[in-house]
Amino acid sequence: MARKRTKSVKEAEQPKAPTDSHIRRRRVLMNVLDSEQLRVAIAGANGLEELYIEKGSNGFTHGNIYKGKVQNIEPTLQAAFVDIGGEKNGFLHANDVIAPFGGYDDVLKRRRRKEKRTGGRPAIEDMLYKGQEVLVQITREQLANKGPSLTTYISIPGRYLVLMPAVSKRGVSKKITDDRERQSLKNILDHLEPPKDMGYIIRTAGMGHGREEMQKDLQSLTRLWEAIKELAIRSKPPVALYQESDLVVRAIRDFVYDDVEEIIIDSETAYGQAKGFLETFMPEFTDKLYLYSDGEPIFDRYGVEQSIERTFDRSVRLPSGGELVIEQTEALVAIDVNTGRFRKGDSTRETILAMNKEAAAEAARQLRLRDLGGLVMVDFIDMESSQDRRAVEDAFRNAIRRDRARTTVLPISQLGVMEMTRQRIRQSVKKTLYTPCPCCDGTGIRKSIEVLSLEFLRKVRGYFDEHDADLVVRMHPEAAMALANAKRAMVAEIEAEKGRTVTITADPGLRFDDIILSGPSSCRNGRG
């Protein structure tokens with residue numbers, strides 16, 4: 001098939017082994033050839049650093065803006081449930097409602113209400129009512145049986161700025177820590193010409209860019225907001241007013257900084273889309289964009305596929321011989337640090353400190369890679385010195401700084417446990433790619449043959465206590481074979497005592513723990 005002339009990855013300089021001068025250089029790889037699943041990997045000197053996976057058909061994405069209608073008010077939860085057109089209503093907490101009535105009075109039609117003076121923040125029932133129109137944005141996508149979380153404090157990201165139409169706050173991203181750079185950006189803030197009563201924040205991508213580029217980005221965001229308002233005025237809820245760009249554009253907008261040396265895409269269509277975006281908003285990166293056209297899949301070519309498989313291991317080996325053990329529950333992630341064969345330094349204290357520092361950096365990387373959220377507990381090896389604990393805290397905070405999710409990190413306790421929270425925006429990568437095992441429901445364990453045998457005998461005796469009839473037992477083939485051999489003598493004793501027969505049959509459609517008893521007039525199902 002003939003192809004248009006584009007810059008191929010074959011024409012780019014082949015990747016070199018990391019050296020001191022390349023230690024911070026990164027490569028953005030986009031596997032978007034199959035539109036049903038889009039994948040973006042960011043690789044650096046230490047291998048896979050970040051991974052983002054998105055289903056092509058996912059319509060209710062983090063950052064989308066909707067005109068919705070309040071379906072129900074729950075005073076006990078101080079929340080409202082809002083219909084935005086999805087499978088489940090969105091969850092809107094009182095803290096995410098612009099007081100006094102949800103904001104955007106110039107866009108939404110509402111019945112007149114008398115404002116109640118409470119002396120503090122109004123209750124949810126005093127701000128919203130059933131059937132009310134609201135402008136909301138998704139802050140967390142639907143997770144399992146929970147609907148998406150919403151806010152009325154809308155924010156629209158651009159290349160260098162984030163526009164916040166409902167607040168007048170202006171500032172510089174907290175992730176920009178260099179004092180000189182912050183002051184330079186604040187000076188630019190003072191000379192921009194923002195719309196009245198609107199707020200905006202300079203993103204980390206704004207570092208090193210001047211007032212003219214910032215003003216251009218601000219004007220683009222302002223035009224976008226005006227278009228959103230016009231659509232909201234003439235549309236009936238529920239309706240989508242703004243949908244985030246697809247993963248290709250978002251990846252370039254959010255992940256491409258000066259330390260990126262290559263952007264490689266395996267789809268010619270996506271390559272053209274990315275090139276158009278770069279030429280318009282980021283022309284300095286156009287020469288770093290390449291089309292990957294080799295027969296070998298792009299993630300295999302750069303070793304990413306193997307790294308993805310290792311990402312979901314329960315145990316993560318550290319370069320020096322230690323390991324992390326990661327366990328995830330519905331609301332909590334536990335990370336345990338084990339020394340293993342790790343030895344470094346001339347004393348036990350030096351060994352523990354070096355081990356914990358290495359584990360801190362890897363734990364922060366694993367949280368990003370797996371996109372784990374909620375409450376996180378990191379159990380470091382106990383350190384007696386408060387100075388050592390602060391050193392490990394600093395190592396962790398430095399490693400977590402580049403995380404795009406909001407994080408709150410508490411000091412390490414005397415027991416060596418560090419508590420933190422990480423913003424949960426969407427399903428973790430593991431839950432996006434995998435479904436729980438039907439045999440163990442995702443626990444990773446099942447009953448032993450010994451335990452299953454005893455349960456089998458109890459059920460057989462219980463059956464004959466209630467029925468004077470032959471018995472047929474259906475079980476998983478592996479369990480049926482083991483029981484037929486191990487408990488043959490005991491089954492024969494029961495048959496002789498009751499004067500009835502027990503037939504064990506194999507059914508490959510059952511789970512390993514299933515024991516299904518049936519007779520002429522009854523059927524029981526015992527599930528382990």
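A residue counts as buried when its relative accessible area is under 20%, as exposed when that area is over 50%, and as partly exposed in between. The exercises below apply this and other terms to a predicted model.

**Exercise 1. Decide whether glutamine 78 is buried, exposed or partly exposed, and describe its place and backbone.**

Solution. The first step is to locate the residue: glutamine 78 sits in the loop that runs between strand 4 (65–74) and strand 5 (79–83). The second step is to compare its relative accessible area of 23% with the two limits, and because that value falls between 20% and 50%, glutamine 78 is partly exposed. The last step concerns the backbone, where phi of glutamine 78 is near 50 degrees, a positive value in a residue other than glycine.

**Exercise 2. Carry out the analysis for aspartate 371, and state whether it is buried or exposed.**

Solution. Aspartate 371 is found in the loop between helix 8 (348–370) and strand 19 (374–379). Its phi is near 55 degrees, which is again positive in a residue other than glycine. The relative accessible area of aspartate 371 is 15%, and since this is under 20%, the residue is buried.

**Exercise 3. Describe the protein as a whole: how many helices and strands does it have, and what share of its residues is buried?**

Solution. Counting the elements gives 13 helices and 25 strands. Of the 528 residues in the protein, 47% are buried. Turning to the outside, the accessible surface comes to about 27,700 Å², and 48% of it belongs to carbon and sulfur atoms. Finally, when contacts between residues at least 6 apart in sequence are considered, 67% of them join residues at least 24 apart.

**Exercise 4. Work out the architecture of the sheet that contains strand 10, and say which strands stand at its edges.**

Solution. Begin with the order: four strands form an open sheet, arranged 9-10-12-11, with mixed pairing. Strand 9 (156–157) and strand 11 (170–172) are the edge strands, and because each has a single partner strand, one side of each is left without a neighbour in the sheet.

Next, follow the helices that pack on this sheet. Helix 2 (residues 179–191) touches strand 11 and strand 12, and its direction makes about 155 degrees with that of strand 11. Helix 3 (residues 211–234) touches strand 9, strand 10 and strand 12, while its direction makes about 35 degrees with that of strand 10.

Then examine the pairings of strand 10. Strand 9 and strand 10 run antiparallel and are joined by two bridges, and they form a hairpin with three residues between them. On the other pairing, strand 10 (residues 161–164) and strand 12 (residues 199–202) are antiparallel over four bridges. Leucine 163 has bridge partners in both neighbours, namely isoleucine 156 and tyrosine 200 in strand 12, whereas leucine 161 is matched with isoleucine 202 in strand 12.

To finish, consider the side chains. In a regular strand they alternate between the two faces of the sheet. In strand 10, Leu161 and Leu163 point one way and Val162 and Met164 the other way, and all are buried.

**Exercise 5. Describe the six-stranded sheet, and say which residue in strand 21 stands opposite valine 409.**

Solution. The six strands of this open sheet follow the order 16-17-18-19-21-20, and their pairing is mixed. Strand 16 (315–317) and strand 20 (407–409) stand at the edges with a single partner strand each, so one side of each has no neighbour in the sheet. From one strand to the next, the twist averages 20 degrees. Strand 20 pairs with strand 21 (residues 417–422) in the antiparallel sense over three bridges, and the residue opposite valine 409 is methionine 420.

**Exercise 6. Characterise the surroundings of alanine 99, and say what kind of peptide bond joins it to proline 100.**

Solution. Alanine 99 lies in the loop between strand 6 (90–93) and helix 1 (124–127), and proline 100 belongs to that loop between strand 6 and helix 1 as well. With a relative accessible area of 39%, alanine 99 is partly exposed. Leaving aside residues up to four places away in sequence, alanine 99 touches Arg121, Pro122 and Met127. The peptide bond between alanine 99 and proline 100 is cis, with omega about 5 degrees.

Definitions and conventions. Residues numbered from 1 in each chain as written. Predicted model: local features only at pLDDT ≥ 70, side-chain atom pairs only at ≥ 80, totals over all residues. Heavy atoms only, no water. Buried < 20%, exposed > 50% of the residue type's maximum accessible area, 1.4 Å probe, protein only. Contact = heavy atoms within 4.5 Å. Areas by Shrake-Rupley, 256 points an atom, 1.4 Å probe, with all protein chains shown as cover. Pairing = 2+ DSSP bridges. Axes fitted to C-alpha atoms, helices over the stretch in contact; angles between N-to-C directions.
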